[in-house]
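Here is a quick tour for anyone meeting this structure for the first time. Take a look at it before reading on.

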Number of protein chains: 2
Amino acid sequence: MAPNLKSFFQNVDDNAETFIERLRKAVAIPSISAEDERRADVVRMGMFLKGELDRLGASTEARPLGKQPGKEHLELPPAIIGRYPAKKDDSKRTILVYGHYDVQPANKSDGWETEPFKLSVDDKGRMYGRGSTDDKGPVLGWVNVIESHQKAEIDFPVNLLMCFEGMEEYGSEGLDDFIIAECKPGKYFADVDATCISDNYWLGTEKPCLTYGLRGCSYYSIQVSGPGQDLHSGVFGGTAQEPMTDLVRVMASLVDGDGNILIPGIMDDVAKVTPDEESRYKDIAFTMDNLYESLGSKTGIFPDKERTLMGRWRYPSLSLHGVEGAFSAPGAKTVIPAKVIGKFSIRTVPDMKPEKVDELVYAHVDKVFESLKSKNTMKCHLQHSGKWWVASPDHWNFTAAAKAVEDVWKVKPDLTREGGSIPVTLTFEQATGKNVLLLPMGSSTDAAHSVNEKLDRKNYIEGIKLLGAYLHYVAEEPMKE
Amino acid sequence: MAPNLKSFFQNVDDNAETFIERLRKAVAIPSISAEDERRADVVRMGMFLKGELDRLGASTEARPLGKQPGKEHLELPPAIIGRYPAKKDDSKRTILVYGHYDVQPANKSDGWETEPFKLSVDDKGRMYGRGSTDDKGPVLGWVNVIESHQKAEIDFPVNLLMCFEGMEEYGSEGLDDFIIAECKPGKYFADVDATCISDNYWLGTEKPCLTYGLRGCSYYSIQVSGPGQDLHSGVFGGTAQEPMTDLVRVMASLVDGDGNILIPGIMDDVAKVTPDEESRYKDIAFTMDNLYESLGSKTGIFPDKERTLMGRWRYPSLSLHGVEGAFSAPGAKTVIPAKVIGKFSIRTVPDMKPEKVDELVYAHVDKVFESLKSKNTMKCHLQHSGKWWVASPDHWNFTAAAKAVEDVWKVKPDLTREGGSIPVTLTFEQATGKNVLLLPMGSSTDAAHSVNEKLDRKNYIEGIKLLGAYLHYVAEEPMKE
């Protein structure tokens, strides 16, 4: 075990309630980045985070990111950046950590069993609340690491740079340019030796992992419009071409129930599975029951673990998210919607090229719509896009993290990829030119982006230890690439 | 012209502003029957209406209709029933009139150019506001007729029975049983000689019509569910069967862009067009430009007036209204919805049998879903159903109304059918055993059920004259069937 870790771990245990209280305060701030009217709460959450760091003596700044693209009345929430210790020690490595302080939308009426913005801890230590696991728990993890080092009077092992954003759940608007600018020589994030992001999840519920790959995401909308306004289906049904009829036919042409993407050419650039890659899936701590538990059903596509993990990590997928502009409330409304917008996204993988994916999507959607011979008007466009990412899990950043996992969890971590996209990962890799590690805190059952999001108390407290231990190991790990 | 009409007409013109003010007060009450939290406003609107009638000396009652089915905490709004003059004159005929005082949902943010619950009159006399034309204008029309008879000191020509409900836009819940019970001997609506309903629209904007047929409506939902909760598409996309994928495929199998219903057998019972019927369409005052104006676009299915009118009146249609449970807001949310409910309805016509339509729908939807071989669960059910209706336009109730139209509008009315359904029409016909007439006030461009609903000042004021004149003619028309 690295020196000083024992007293650090003890101090984290001693302060567990303080750290949970900090998470409770953070969850209470509904920092929903997708809802304009919550923007003040997002900013308030950023300021709360900055305040916690300031109290611990970090050097922090709230950096404005400008107006929100397409919503010029709306200021983007600031990037909260910080350095700890406040003065750089040139004898130590510089580690950049990233997290986000905004959250997904949540309403009690969506089906939450507790108030989404009130941390509710049950008798099994499950801490329910929007943002508990995604990503307020991990973000506060870094704050708690600093506090425990101070309280335990342990020398901080690295120069810690922090970058916490407030728009992750809405496409990280404004962040890329900021990171690229601040990674230039002489700027805030210059001289980074490695990056660590804690914003994903274990594969299951028992075994930690280090993540070295992510799928990309290209999010599209298909707008079909016809009449000048919504129509009464009694008066106009049977006389007007209905946009909703066209839209569902186009949406039905995109993917089948087994997840096969029906857009011609879309699989052409997907990297083939090598025998070496195939063999790696066998040892991963994941079972079909893990899938079924996190699904809450047995509606998986594949019967086996290997193909299921490949489906999540290394094959593209297409999901239909919904329809804007149509009748979406309970009950019965006899409307013919005048303008409907179907939303779908494609998770992309090596070696797909996002621009080519766009072209294939547009060509397919155009062709299908054309085949309908509709008088309505169709427009398909890309709402946002983030590229896939793969790193080397043999890098010293990863081997250091693996040692930290063994110290805290007494087990070698799985080396995994993930199905979700964290576009900023790629940005950090490209802007710093250094390795990026994904070091998750929460588990597969945390229900990020869903109702009843939670973080287990154990994952939070041991996760704080893990983040701290990682900093100690990464400070000393031999620099092999 | 029938005696006394001239002074009645003059009085209506003299009191036009009073009548518009009455409509303004009614529109200001957001009596949305589909929204539970507006129930108090619906009741308030009913009481406003009752108060107006009471002040004119009518005998009125607010009859409770019990709890709302499926929402046992919620009392249905009362039926406001009335008699004028308060004491029955056995020497006069008894005419029952019906209307509804509830309205469709409306939010400014839906695209209204004015506040939906504030009557806004523009310089062309278009009176914008939710409920202006559907159906507060016509309902208040009867009130205004009474007031003008009093002010002009004209003998009231009939025993007027009134039945105004507050749940029309939500399936007229509770009303059928009430009407059937009150039409029995000795009850409130016993001894009705004919019924008149003003709750539909002219075909165009220039020529009034009498309506002798309506399509029925069978409203269905298709629920597809799989996972226990909404999922993150990054984590689960490509590993889980997605309910939305199944739903759009089932929805796409129901109808094509030209309005052809793809459910096998659905057209089998549709009455064939006879040469006699076909010839009647030629004279109807309706042009394709009328359609395009009310559509606000040129996205009609058929190029000619005859087939367009047939598509509206005498052929069934199927409209896809929307999806409940999926992502429906602006922006981009990467959710896999766990449970999605597609809504659609079929407008039915003679001689379709609603129960057979249900069976055909269920069989088709089951078959298509089965063909998907999905592990998700699908349920299709009928939300509500109302049968089509056709009456004889040669009945004295219609010939009297035709004379009233000629008096007021100086033109013979078109005899039309309508595409919408007013299920209560059939109930009144069956419960009274007497003829029912539909006598519209508003025009085709009124945008009932849509944004920017309006009633033209001219249609309102001349419509009041028409309702009054109708009562005079129907009081004296020879009783040929």
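Let's start with one facing pair: Met127(B) stands opposite Leu455(B), which belongs to S20(B). Strands here are DSSP runs of E with at least two residues, helices are runs of H or I with at least four, and both are numbered from the N terminus. Strand S7 (residues 126-128) of chain B is joined to S20(B) by three bridges, and the two run antiparallel. Two strands count as paired if DSSP finds at least two bridges between them. The wider setting is an open sheet of three strands in chain B, ordered S6-S7-S20 with antiparallel pairing. Strands S6 (120-121) and S20 (454-456) of chain B each have a single partner strand, so one side of each has no neighbour in the sheet.

A word on the ground rules: this is a predicted model, where local features need pLDDT of at least 70, side-chain atom pairs count only at pLDDT 80 or more, and totals for chains, interfaces and linings use all residues. Residues are numbered from 1 along each chain as its sequence is written, chains are lettered from A and ligands numbered from 1 in the order in which they are written, and side-chain values use heavy atoms, leaving out hydrogens and water.

Over in chain A, strand S11 (residues 216-225) is mostly covered, with nine of its 10 residues buried (under 20% relative accessible area with a 1.4 Å probe, protein chains only). S11(A) has these antiparallel partners:

| Partner of S11(A) | Bridges | Partner of Ser225(A) |
|---|---|---|
| S15(A), residues 339-348 | 10 bridges | Lys339(A) |
| S16(A), residues 377-386 | nine bridges | Thr377(A) |

S16(A) also turns up in the second largest pocket, where it gives the most to the lining, with six residues. That pocket has a volume of about 970 Å³. Of its 44 lining residues (those with an atom within 4 Å of a pocket point), the closest to the centre are Glu168(A), Tyr170(A), Gly171(A), Ser172(A) and His384(A). Helix H13 (423-432) of chain A supplies at least two lining residues as well.

How do the chains relate? Chain B superposes on chain A by a rotation of 180° with 0.1 Å of shift along the axis, at an RMSD of 0.1 Å (least squares on C-alpha atoms of residues with pLDDT of at least 70 in both). That is the relation of a two-fold axis. Within chain B, Val248(B) comes closest to the rotation axis, its C-alpha lying at 2.7 Å.

How values were computed: Buried < 20%, exposed > 50% of the residue type's maximum accessible area, 1.4 Å probe, protein only. 1 Å grid on protein atoms, 1.4 Å probe; cavity = no way out; pocket = protein on both sides within 12 Å on 5 of 7 lines; lining within 4 Å. Points joined across faces, edges and corners; volume = space filled by probe spheres on them.
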